[in-house]
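Work through the following exercises on a ligand and its surroundings, with the structure at hand.

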Amino acid sequence: MIAGESAICGVDAVHGLRYYGYGIEELGPKIPFEDVAWLLLHGELPSESAKKQFATELAESAPLPDGMIKILKSLPKGTRAMDELRTGVSALSAFDPDVGHYDHEANLRKSTRLIARMTSVTTAEWRIRQGKEPEIKANLPLAARFLFELSGKKPHDYRVRALDTVLNLYAEHEFNASTFAARVTASTLADMYSAVVAAIGALEGPLHGGANEQAMLMLREIGSADKAEAWVKGRLTRREKIMGFGHRVYKKGDSRVPVMRNLLAEIGKRVGQTNWLEICLELDRVMEAEKGLFANLDLYAAPVLMLLEIPTELNTPLFACGRIAGWCAHVTEQQDHNRIIRPRSIYTGPGPREIA
Ligand code: COA
């Protein structure tokens with residue numbers, strides 16, 4: 001179903017996924033997430049001076065105001081990571097001087113802050129839950145600081161490059177459920193923060209972003225490739241969904257999967273854990289044979305994140321740390337040419353009647 005127009009991203013069977021015309025197979029592994037985020041916000045890849053300027057703005061935006069840390073610390077132990085992220089981003093709006101302004105420049109300033117702080121909130125929450133103080137490494141590139149802030153250790157370059165690829169692949173995907181939720185909200189001329197909070201809410205569900213957490217739990221439960229077939233058949237007999245398979249748009253395979261599969265092969269080899277790729281490949285084979293369904297990005301992203309030592313509870317917040325670039329680009333595009341999004345439904349209730 002076509003719900004609107006956008007210049008940001010195209011998905012089709014022939015060319016796969018493209019951000020402003022650039023194929024994801026080239027963008028994904030080649031450039032840092034910051035360049036992809038800039039492309040999504042501005043429509044072109046950044047010049048050298050734009051890269052420097054953006055890095056400075058992201059570094060200035062990354063630290064969280066003291067009031068935010070207090071809010072995050074006040075959340076009860078056991079609050080789910082996506083609830084913490086949604087609450088954190090909602091609270092951040094109170095600290096942004098551009099809230100309530102939706103002209104193009106104000107939206108770009110808010111986008112930069114949101115891109116920087118989505119990562120800060122995610123890692124700060126995690127550290128607080130581990131009984132540690134948040135530690136924001138504002139001057140590092142975003143993927144490096146995500147890994148550093150979580151673990152407290154300087155990450156190896158190959159891990160940083162791998163996380164950049166994951167963030168790039170997650171950054172944008174046209175009118176997916178969370179982006180559409182953001183656009184609907186923005187189309188009422190609500191603030192970008194409200195649109196992003198709506199998007200985080202939509203992302204959380206296991207049929208959308210929550211699938212990358214569920215996929216990892218599934219892979220752990222299966223344990224080894226020789227158990228995959230029986231496991232899948234059991235689930236399918238009970239008419240249960242297999243996480244990380246199927247897609248509303250891709251019916252012959254997700255165009256992001258080859259990049260993520262190569263990354264899983266590369267990292268698995270490096271760290272001596274090739275079993276995760278073997279399970280995924282076996283699942284792929286069985287699902288195609290049984291249901292004619294193919295893996296989506298989340299199946300292969302889940303073990304990549306695990307091998308990067310990202311806690312599984314943070315898989316979906318990490319997705320949000322990438323997709324924030326797409327959400328902000330869509331909110332800005334929507335409000336630059338706004339018309340309220342107000343679809344109709346087909347009425348299926350009773351015909352006209354009167355109270356007896
Ligand atoms: N496992 C088992 N069966 C699945 C399935 C899955 N992951 N995905 C789809 N199916 C089944 C449907 O139930 C349907 O069966 P039916 O004809 O017997 O009713 C059939 O395959 C066709 O479904 P389709 O119309 O292609 O799915 P959709 O477009 O409505 O839903 C998803 C798309 C992504 C929501 C769905 O594939 C899904 O739930 N996948 C698992 C969650 C996931 O990985 N989400 C991340 C998406 S990037």
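**Exercise 1: the shell around the ligand**

Sorted by class, the shell around the ligand contains nine nonpolar, five polar and seven charged residues. The model is predicted, with local features needing pLDDT of at least 70 and side-chain atom pairs pLDDT 80 or more, whereas totals for linings use all residues. Residues are numbered from 1 along each chain, and side-chain values use heavy atoms, without hydrogens or water.

Task: find which residues come nearest to the ligand.

Solution: Of the 21 residues around the ligand (a heavy atom within 4 Å), Ile242, Gly244, Phe245, Arg248 and Lys251 come nearest.

**Exercise 2: polar contacts**

Task: identify N or O atoms of Ile242, Asn296 and Arg239 that pair with the ligand (N or O atoms within 3.5 Å).

Solution: Begin with Ile242, where a backbone N or O atom lies 2.7 Å from a ligand nitrogen. Next, a side-chain N or O atom of Asn296 is 2.9 Å from a ligand oxygen, and, finally, a polar side-chain atom of Arg239 lies 3.4 Å from an oxygen atom of the ligand.

**Exercise 3: the pocket**

Task: state which residues lie nearest the centre of the largest pocket.

Solution: The lining of the largest pocket comprises 42 residues, with Leu207, His247, Arg248, Val249 and Lys251 nearest its centre. Here a pocket is an open set of points on a 1 Å grid where a 1.4 Å probe fits, with protein on both sides within 12 Å along at least five of seven lines, and lining residues have an atom within 4 Å of a point.

Conventions
Polar contact = N/O pair within 3.5 Å; in protein donor to acceptor, adjacent residues only side chain to side chain. Nonpolar A, V, L, I, M, F, W, Y, C, P; charged D, E, K, R; others polar.
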